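Colleague: I'd like some practice reading a model from its strands and contacts. Could you take me through this one?

Modeller: Sure, let's put it on screen.

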Amino acid sequence: MTTVGLVLLNCGPSGPDLCEGDEAPMVLIGQGVGGAFVELEDAQEVTLSVAPQGGFGVPVVVQTQGLVAGDDVQSMVVLEPRQGAEILGTFETRAPLQCRSDGAGGNVVGVVVGFDPDRYRSNDDLLALDGQVVELHITVTDREGRVGVGVKPVTIRVGG
């Protein structure tokens, strides 16, 4: 007589190296260092930094809930600063969506919501942003195709 054993592997979105919350997909926009996350407040003053895609932008940490995250999980992230209906730049990138320490969602770190480097080429162009309220729009799509969107109005400060 032959005995056949059946082993069920947890390979779905809730696998051993993955995390996700049961909530509807949500994106929070903040800042932080070394895994810390502090959500930006509405109209909070932020300074510009060099953007990896060229030009300048606002460095952020993105915190998600309800999206699949894990050590080797990539997400699609669309970063756009907007003023009203006007899009001031668009950057799309694949970025790791790593589990948060509480296991209830993920974090994307090392991204910058950049202004169009062709439009904002000179210091004068950047200085025109000083004191302006701009909305940071961030869309994160996980590997399962679920989408979370975050919007945060901030006040741009150019220079020290």
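Colleague: Let me begin with a single residue. Which residues does Thr155 touch, not counting residues up to four places away in sequence?

Modeller: This is a predicted model, so keep that in mind throughout. Thr155 touches Ala43, Gln44, Glu45 and Val46, and also Gly131, Gln132 and Val133. The residue itself lies in strand S14.

Colleague: And is Thr155 buried or exposed?

Modeller: Buried means under 20% relative accessible area. Thr155 comes out at 10%, so it counts as buried. Now try Val151, which is also placed in S14. Its relative accessible area is 39%, so Val151 is partly exposed.

Colleague: What does Val151 make together with Val147 and Val149?

Modeller: A general idea helps here: in a regular strand the side chains alternate between the two faces of the sheet. In this model, Val147, Val149 and Val151 make a nonpolar surface patch of about 230 Å².

Colleague: Let's step back. What is the secondary structure of the protein?

Modeller: You'll see 14 strands and one helix. For the whole chain of 160 residues, 39% count as buried. The accessible surface is about 8700 Å², and carbon and sulfur atoms account for 50% of it.

Colleague: How much of the contact set joins residues at least 24 apart?

Modeller: Take the contacts between residues at least 6 apart in sequence: 68% of them join residues at least 24 apart.

Colleague: Now the pairing. Which way do S13 and S14 run, parallel or antiparallel?

Modeller: They pair in the antiparallel sense, over nine bridges. To check the register, find Ile138, whose bridge partner in S14 is Gly150. The hairpin of S13 and S14 has five residues between the strands, and Gly145 takes a positive phi there, near 90 degrees.

Colleague: Which strand do seven bridges join to S13?

Modeller: That's S8, and S8 and S13 run antiparallel. Glu80 stands opposite His137 of S13, which gives you a handle on that pairing.

Colleague: How many residues of S12 are buried?

Modeller: Eight of the 10 residues in S12, which spans 105-114, are buried, so this strand is largely enclosed by the rest of the structure. S6, residues 56-65, reads likewise: eight of its 10 residues are buried, so S6 is largely enclosed by the rest of the structure.

Colleague: How many bridges join S6 to S12?

Modeller: Eight, with the two strands running antiparallel. Look for Pro59, whose bridge partner in S12 is Val112.

Colleague: What else pairs with S6 and S12?

Modeller: Start with S12. S11, residues 98-99, is joined to S12 by two bridges and runs antiparallel to it, with Cys99 having Gly106 as its bridge partner. In their hairpin, which has five residues between the strands, Gly103 has a positive phi near 75 degrees. Turning to S6, strand S5 (residues 49-50) pairs with S6 over two bridges in the antiparallel sense, and the partner of Ser49 in S6 is Gly57. The hairpin of S5 and S6 has five residues between the strands, and Gly54 takes a positive phi near 105 degrees in it.

Colleague: Over how many bridges do S2 and S6 pair?

Modeller: Five, again in the antiparallel sense, with S2 covering residues 26-31. Val27 stands opposite Thr64 in S6.

Colleague: Next, the interior. How many residues does the largest nonpolar core have?

Modeller: In soluble globular proteins, nonpolar side chains tend to be buried together. Here the largest nonpolar core has 29 residues, and those with the most contacts inside it include Val60, Val62, Phe115 and Val140. S2, S6, S8, S12, S13 and S14 are the elements that give two or more residues to this core. S13 gives the most, with four residues.

Colleague: Which residues is Val140 in contact with, leaving aside its neighbours within four places in sequence?

Modeller: Among them are Val27, Val62, Thr64 and Leu67, then Ser75, Met76 and Val77. Leu97 is on the list too, as are Arg146, Val147 and Gly148. You met Val147 earlier, in the surface patch with Val149 and Val151.

Note on methods. Residues are numbered from 1 along each chain as its sequence is written. This is a predicted model: local features need pLDDT of at least 70, side-chain atom pairs count only at pLDDT 80 or more; totals for chains, interfaces and linings use all residues. Side-chain values use heavy atoms; hydrogens and water are left out. Buried means under 20% relative accessible area, exposed over 50%, partly exposed in between (1.4 Å probe, protein chains only). Contact means heavy atoms within 4.5 Å. Accessible areas come from the Shrake-Rupley method with a 1.4 Å probe; for residues, only the protein chains shown count as cover. Two strands pair if DSSP finds at least two bridges between them. A nonpolar core is a set of buried Ala, Val, Leu, Ile, Met, Phe, Trp, Tyr and Cys residues joined through side-chain atoms within 4.5 Å. Patches are made of residues with over 30% relative accessible area and no salt bridge: like charges are joined within 9 Å, nonpolar side chains (Val, Leu, Ile, Met, Phe, Trp, Tyr) within 5 Å. A salt bridge is a side-chain nitrogen of Lys or Arg within 4 Å of a carboxyl oxygen of Asp or Glu.
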